[in-house]
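Work through the exercises below with the sequence and the structure at hand. Each task is followed by a solution in steps.

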Amino acid sequence: MIGFLEIRRRKLQFALVGLIVTLISYLVLMINGLGVGLNEKAGRALLNFNADAIAYSDRAGLSVIRSELSAETVARITAESGAREAAPLGYMAVNYRREDGKVKSAAVLGYDPGTIGEPPVESGRPLTPADANGLLADREFLKASGLKVGDTVRLAVRLEEREFTIVGELNEGSFFFQPAVYILRSTWQEMKYGSANPSAPAASIVLLKGDGLAGKRGQGWEAVSKRTAFANIEGVAGQQSTVQALQVFGYLIGGLVIGVFFYVLTLQKTPQIGVLKAVGATTGFIFRQLLIQALLVALGGLVIAVPLAWLTNRALQQAPDAVPIAFTTQTFVVTSALLLVMAIVGVLFSGRQVAKVDPIIALGQQQ
Amino acid sequence: MSIRLKVQDLEKVYGEGERAVHAVRGVSFATEPGEFVAIVGPSGSGKTTMLAMIGGLLTPTRGSIEVNGQDIARLKGKELAEYRRRKVGFVFQANNLLPYLTARENLLVMARINGTDLKSAGARADQLLEELGLTARRNALATELSGGERQRVAIARALMNDPELVLVDEPTASLDSARGRQVVESLIAEVKGRDKLGLLVTHDMAMAELADRVLEMHDGLLVGQTVGARG
């Protein structure tokens, strides 16, 4: 009752504290959104592969860029791994020119139609073995390039350039921080190694489906789980530790600031706490009032910060070079819960101050 | 049942050794049921310290304070808070109302602290405010009340939980003499009308003489007793 009435009657004071909580919550949410977004940019397409494990060349150090598998090795992986299904996949980075003239990069994945390497098409149609110059473009590629299904696009690798027709749209996400496009593996092989090269590698990696495949290895290959493959994407480990450090500091500093604000608020109320104690209020009773206030203010801050972060994300996604921020329900729930815990921790420190207040100060106080 | 207070050899010493300050030195007195007692003396005579010890705000260094046979000098922590909550009503020098609450809400806080049913507490608060002539001001914030009104709300708050002992510390310090007299008279009427024990600390002899008995303190000692206007 007292805690709630004080908020109602001291609107400005509590609005200012609420503003601080809102801004900190917003900041922490954006940092967490950035963490999720960067992860998605790093390799959502890899995590979306219809596979339980991924096989690499054992000389590649789990790098898709450096991994090259011969047709014999692909066959050995299929036979020896014990996978229920297997599909070779080729990767290369290409350039394309945007309408505004800027050169941008894209990740090209070469697959065989009808295998587990085939991505689900959202609109348009899938590739057939006859689509040597057909291309499936991820939504992010279409957004970044300004193209649509039915348009043509010229992809360049080394000195070669080839025109493709976009026949379908995907929502599989980025690959190696680049928007992804999917072509036939035979086309990929031609573009990357040339048509007159019988000893050219047949794939970069092999997608495997089945149980207990991670950790398996054979002559010239090794298989790991998708999670391990993701963590081994160039730059992901460094990026993840940076984002995690930002998140930890965000929670710590955010929590500290919120805690300090509630502590200062409690210090300011020392005379009133003295009076309440003098008239018989227990420390627990006073502490409960402070806790109610902290929870109301923190909830108020979150009620504003969460939609604000969501709206910011939507606004940022409109730009062609979108900031890599993404929110999941988990981001909102976990961040909100942790910030509420931080507010409670802040009040717990204030609780010690409440316990220390001597009711004798009620005598001789001048208002 | 009327309350009986018996103070015996009460002492309060602040600090130790050469720096020790003897605020109250071996004070003893007892009250009669329904009595209103004033304690007078110059600043530093120990009267507020004694009031604080009787109210359970300070622990005596020596001696006993028996309230209906229970020595409250031995109480600690939650027991002491319960004693203050159930048996004592305080009227402070600066009234100490919660500034962001209305007159009525300041009274209801006492019911909250005491865990009393809010419906019956509301009726009691309205009754007390009416008795003290504050019905029209019941929904005014404490900061919107005049000094005299604030002190009358403080008296109502002190009586809210129906305490047996009403302790009053310089209630007229911030009021002119006419308003001060009005406040003390309201206070005495409320305390005596409810058969409670009232202890009033003041340095104003004109106010003290409105009590049944006047205890005079000097340098921490009880140096005299006189019968007041009501005695």
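Two strands are taken to pair if DSSP finds at least two bridges between them. The model is a predicted one.

**Exercise 1. Determine the strand order of the six-stranded sheet of chain B and identify its edges.**

Step 1. The order is β6-β7-β8-β3-β9-β10 (chain B), the sheet is open, and the pairing is mixed.

Step 2. β6 (88-91) and β10 (221-227) of chain B each have a single partner strand, so they stand at the edges and one side of each lacks a neighbour in the sheet.

Step 3. From one strand to the next, the twist averages 20°.

Step 4. At one end of the order, strand β9 (residues 213-218) of chain B pairs with β10(B) over six bridges, in the antiparallel sense. Within this pair, B:V214 has B:T226 of β10(B) as its bridge partner.

Step 5. Helix α6 (residues 177-193) of chain B packs on this sheet, where it touches β3 (36-40), β6, β7 (165-169) and β8 (197-202) of chain B. The direction of α6(B) makes about 135° with that of β3(B).

**Exercise 2. Describe the four-stranded sheet of chain B and trace the pairing of B:V7.**

Step 1. The strands of this open sheet follow the order β2-β1-β4-β5 (chain B), with antiparallel pairing.

Step 2. The edges are β2 and β5 (70-71) of chain B; each has a single partner strand, so one side of each is left without a neighbour in the sheet.

Step 3. Strand β1 (residues 5-14) of chain B is joined to strand β2 (residues 21-30) of chain B by six bridges. Five bridges link β1(B) with strand β4 (residues 62-67) of chain B, also in the antiparallel sense.

Step 4. B:V7 stands opposite B:F29 in β2(B), and its bridge partner in β4(B) is B:I65.

Step 5. The hairpin of β1(B) and β2(B) has six residues between the strands, and B:G15 in this hairpin takes a positive phi near 75°.

Step 6. α1(B) lies across β1, β2 and β4 of chain B and runs at about 120° to β1(B).

**Exercise 3. Is B:G220 buried or exposed, and which residues does it contact?**

Step 1. B:G220 lies in the loop between β9 and β10 of chain B.

Step 2. The cut-off for a buried residue is 20 or more other C-beta atoms within 10 Å. B:G220 has 24 such atoms within 10 Å, so it is buried.

Step 3. Once neighbours within four places in sequence are left aside, B:G220 is in contact with B:H22, B:A23, B:V24, B:R25 and B:G46.

Step 4. B:A142 is 78 residues from B:G220 in sequence, and their C-alpha atoms are 35 Å apart in space.

**Exercise 4. Locate A:F177 and B:E170, which have a positive phi without being glycine, and classify their burial.**

Step 1. Most residues other than glycine have a negative phi.

Step 2. A:F177 has a phi of about 65° and lies in the loop between β7 (160-170) and β8 (180-184) of chain A. With 17 other C-beta atoms within 10 Å, A:F177 is partly exposed.

Step 3. For B:E170, phi is about 40°, and the residue lies in the loop between β7 and α6 of chain B. B:E170 counts as buried, with 22 C-beta neighbours inside 10 Å.

**Exercise 5. Describe the domains of chain A and its annotated spans.**

Step 1. The domain assignment gives domain 1 (2-42 + 237-362) and domain 2 (53-213) of chain A.

Step 2. The centres of domain 1 and domain 2 of chain A, taken over C-alpha atoms, are separated by 46 Å. Four residues of domain 1 are in contact with five residues of domain 2. On the domain 1 side, these residues divide into two nonpolar, no polar and two charged.

Step 3. In the unreviewed UniProt entry, the annotation "transmembrane region" covers residues 12-31, 248-265, 286-310 and 322-349 of chain A.

Step 4. Residues 12-31 of chain A are 100% helix, with end C-alpha atoms 28 Å apart. Residues 248-265 of chain A are also 100% helix, and their end C-alpha atoms lie 25 Å apart.

**Exercise 6. How many residues does each chain give to the contact between chain A and chain B, and which elements of chain B take part?**

Step 1. Chain B gives 22 residues and chain A gives 22 residues.

Step 2. On the chain B side, the elements that give two or more residues are α1 (47-54), α2 (77-87) and α3 (103-114). The largest share, five residues, comes from α3(B).

Step 3. By class, the chain B side has 13 nonpolar, three polar and six charged residues.

Conventions: Residues numbered from 1 in each chain as written. Chains lettered and ligands numbered in written order. Predicted model: local features only at pLDDT ≥ 70, side-chain atom pairs only at ≥ 80, totals over all residues. Contact = placed C-beta atoms within 7 Å. Nonpolar A, V, L, I, M, F, W, Y, C, P; charged D, E, K, R; others polar. Axes fitted to C-alpha atoms, helices over the stretch in contact; angles between N-to-C directions. UniProt positions renumbered as here; feature names shortened; annotations may be inferred. Domains from an automatic or database assignment. Buried ≥ 20, exposed ≤ 12 C-beta atoms within 10 Å, placed from the backbone.
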